[in-house]
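Got a fold on the screen and want to talk it through? Let's take it one question at a time.

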Amino acid sequence: MAAEPTPAFEDHPGLQGRQAEARDLADVLRRLIRLSVSTAPSARETAALTAQLTAVADRMESHVPQLPLPRFIAPAEDGPPRDPPIGSSMPFDLIVGAFNPLALPVRLEFDPPKALGYATFDVGYEGAPGCVHGAALAATFDIILTAANAIAGATGPTVRLQLRYRRPTLVSEEAVFEGWVTEVTERRIFSQGRIVQGGEVTVEAEGEFAVFNRGGVDRMAAARRKAFDETATGADS
């Protein structure tokens with residue numbers, strides 16, 4: 001199994017010169033999210049904490065750029081393509097983005113033809129008592145199957161994602177997601193996946209994806225990056 005190389009995002013306009021600090025910030029925010037749904041301080045203490053965090057939020061809001069930060073990093077025009085173009089292109093992704101505090105993040109590995117994801121969901125992702133919310137599992141499958149599609153050299157937006165919940169997937173216990181491609185046609189990609197936890201299959205998934213021109217995605221990402229860079233340069237001058 002080959003783990004996806006730890007990506008460097010120093011070229012990302014929102015992370016230049018602050019990648020380590022931004023990761024630390026995201027980790028602290030993850031901790032706060034978990035604590036906000038698993039602690040019960042007194043009303044007075046809750047109010048005091050809220051006031052402190054409001055001050056921090058106000059301070060951070062003063063740094064919001066005029067144009068939204070690019071979410072996807074397209075390969076450089078004169079550089080090699082990212083293959084598979086998943087975690088190394090998406091620092092703020094909801095599932096695998098290390099800089100998005102809503103993400104665990106899920107750890108992605110490639111074991112062709114399979115894509116693997118390792119996740120230990122905490123109480124912030126709980127649905128039924130002690131169980132991971134089904135929506136969190138569905139969102140994770142979406143990226144795992146997309147990663148499997150990328151391994152097969154065919155990527156595109158989700159058309160259909162169907163899950164069969166065979167047994168509860170538990171919080172605080174590692175769940176291993178597996179995804180693989182079953183068929184690629186001119187217009188569609190078909191994939192399957194499953195979750196294995198404690199040696200048992202807890203969820204099975206089937207996905208259908210539209211074949212999409214990757215070059216078009218890269219061009220859209222590059223255009224957004226260019227607009228952001230031009231705006232930032234104008235603000236600095």
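Q: How many helices and strands are there in the protein chain, and what pattern do they follow along the sequence?
A: This is a predicted model, so local features are read only where pLDDT is at least 70. The count for the protein chain comes to four helices and seven strands. Read along the sequence, they line up as β-α-α-β-β-α-β-β-β-β-α.

Q: What share of the contacts in the protein chain with a separation of 6 or more comes from residues 24 or more positions apart?
A: Contact here means heavy atoms within 4.5 Å. Among pairs with a separation of 6 or more, those 24 or more positions apart account for 63%.

Q: What percentage of the residues in the protein chain is buried, and what part of the exposed area do carbon and sulfur atoms supply?
A: The chain has 237 residues, and buried ones make up 36% of them. On the outside, the protein chain exposes about 13600 Å². Of that area, carbon and sulfur atoms supply 54%.

Q: Which element gives the most residues to the largest nonpolar core?
A: In soluble globular proteins, nonpolar side chains tend to be buried together. Here the largest nonpolar core has 25 residues, and F121, V132, L137, F141, F177 and I195 are those with the most contacts inside it. The elements giving it two or more residues are β2 (107-111), β3 (114-119), α3 (134-151), β5 (175-184) and β7 (200-210). The top contributor, with seven residues, is α3.

Q: Which residues does V132 contact, leaving aside its neighbours within four places in sequence?
A: V132 is one of the residues with the most contacts inside the largest nonpolar core. Set aside the neighbours within four places, and its contacts are F121, Y125, G127, L137, T169, L170 and V171.

Q: How many residues are in the second, separate core?
A: This core includes F9, A22, A98 and F99. Its full count is six residues.

Q: Which residues make the nonpolar surface patch of about 230 Å², and is M60 buried or partly exposed?
A: The patch is made by L25, V56 and M60. M60 has its place in helix α2 (residues 43-61). Its relative accessibility is 40%, so M60 counts as partly exposed.

Q: Where are the cis peptide bonds that involve P105 and P113?
A: P105 sits in the loop between α2 and β2, while P113 is found in the loop between β2 and β3. Omega is about -5° for the bond to P105 and near 5° for the one to P113. The bonds in question are L104 to P105 and P112 to P113.

Q: Which residue has a positive phi of about 65° although it is not a glycine, and is it buried or exposed?
A: The place to look is the loop between β4 (158-165) and β5, where S172 lies. S172 is the non-glycine with that positive phi. With a relative accessible area of 60%, S172 is exposed.

Q: Which residues form salt bridges with E208?
A: A search of the whole structure finds 10 salt bridges. In one, E208 in strand β7 pairs with R160 in strand β4, so parts 48 residues apart in sequence are tied together; the closest N and O atoms are 3.5 Å apart. In another, E208 pairs at 2.9 Å with R188, which lies in strand β6 (residues 188-197). That makes the partners R160 and R188.

Q: Is E208 buried or partly exposed, and what about R160 and R188?
A: The cut-off for buried is under 20% relative accessible area. E208 comes in at 17%, so it counts as buried. R160, at 30%, counts as partly exposed, and R188, at 24%, is also partly exposed.

Q: How many residues apart in sequence are the parts that R167 and E200 tie together?
A: The side chains of R167 and E200 meet in a salt bridge, 3.9 Å from N to O. R167 is partly exposed at 43% relative accessibility, and E200 is partly exposed at 39%. R167 lies in the loop between β4 and β5 and E200 in strand β7, so the sequence distance is 33 residues.

Q: Which residues are joined into one network by salt bridges that share partners?
A: The link here is shared partners among salt bridges. The residues joined this way are R23, D27 and R30.

Note on methods. Residues are numbered from 1 along each chain as its sequence is written. This is a predicted model: local features need pLDDT of at least 70, side-chain atom pairs count only at pLDDT 80 or more; totals for chains, interfaces and linings use all residues. Side-chain values use heavy atoms; hydrogens and water are left out. Buried means under 20% relative accessible area, exposed over 50%, partly exposed in between (1.4 Å probe, protein chains only). Accessible areas come from the Shrake-Rupley method with a 1.4 Å probe; for residues, only the protein chains shown count as cover. Patches are made of residues with over 30% relative accessible area and no salt bridge: like charges are joined within 9 Å, nonpolar side chains (Val, Leu, Ile, Met, Phe, Trp, Tyr) within 5 Å. A salt bridge is a side-chain nitrogen of Lys or Arg within 4 Å of a carboxyl oxygen of Asp or Glu. A nonpolar core is a set of buried Ala, Val, Leu, Ile, Met, Phe, Trp, Tyr and Cys residues joined through side-chain atoms within 4.5 Å.
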